Amino acid sequence: MIGVWYEIFKWLGMVLVMPPNLFYLLDCVNVVTSSKKARNGFLLIWNTAIWSIWRMRNNIIFNGITKEPWELVEEVKVLSWKWSVDRLKIAPCLFYEWTWDPGSCFNR
């Protein structure tokens, strides 16, 4: 799963040295954000990633279905965009904008 986290943080425009556990990783997300909107957006992506990894884990265990890390990252992008449209109070952000630079969507 380290590869998934690296790809997600690369998508977010962050360079990351992987901390020893997920709690430190979450702290990294909270520290680097400058505004409440950006923090909420990054936390939405964080929650989407955790949810997608959990679902993939269950698919592996119960159904024997696996995904490549890039497939999981693409799932996080799509699902987080859908959640952002429903939950965040930001100006509408088109999907291609979201996949290119979600940070610009947070700061609208």
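Mentor: In this predicted model, a residue counts as exposed when its relative accessible area is over 50%, and as buried when that area is under 20%.

Trainee: Is Phe62 buried or exposed?

Mentor: Phe62 belongs to helix 3. Its relative accessible area is 63%, and the cut-off for the exposed class is over 50%. Phe62 is therefore exposed.

Trainee: Which residues make the nonpolar surface patch of about 320 Å²?

Mentor: Phe62, with its relative accessible area of 63%, is one member of the patch. The patch of about 320 Å² is made by Ile60, Ile61 and Phe62.

Trainee: Is Ser52 buried or exposed?

Mentor: Ser52 is also found in helix 3. Leaving out residues up to four places away in sequence, it touches Leu72, Glu75, Val76 and Leu79. Its relative accessibility is 1%, and the buried class lies under 20%, so Ser52 is buried.

Trainee: Which helix gives the most to the largest nonpolar core?

Mentor: This core has 26 residues, and Trp5, Ile8, Ile45 and Trp98 have the most contacts inside it. At least two core residues come from each of helix 1 (2-11), helix 2 (22-32), helix 3 (36-63), helix 4 (69-87) and helix 6 (102-106). With eight residues, the helix that gives the most is helix 3.

Trainee: Which residues are in contact with Ile45, leaving aside its neighbours within four places in sequence?

Mentor: Ile45 is among the residues with the most contacts inside the largest nonpolar core. With its neighbours within four places in sequence left aside, the residues in contact with Ile45 are Ile8, Trp11, Leu12, Val76, Ser80, Trp98, Pro102 and Phe106.

Definitions and conventions: Residues numbered from 1 in each chain as written. Predicted model: local features only at pLDDT ≥ 70, side-chain atom pairs only at ≥ 80, totals over all residues. Heavy atoms only, no water. Core = buried A, V, L, I, M, F, W, Y, C linked by side-chain atoms within 4.5 Å. Buried < 20%, exposed > 50% of the residue type's maximum accessible area, 1.4 Å probe, protein only. Helix = DSSP H or I, 4+ residues; strand = E, 2+ residues; numbered from the N terminus. Contact = heavy atoms within 4.5 Å. Patch = residues over 30% accessible without salt bridge, like charges linked within 9 Å, V, L, I, M, F, W, Y side chains within 5 Å. Areas by Shrake-Rupley, 256 points an atom, 1.4 Å probe, with all protein chains shown as cover. Salt bridge = Lys/Arg side-chain N within 4 Å of Asp/Glu carboxyl O.
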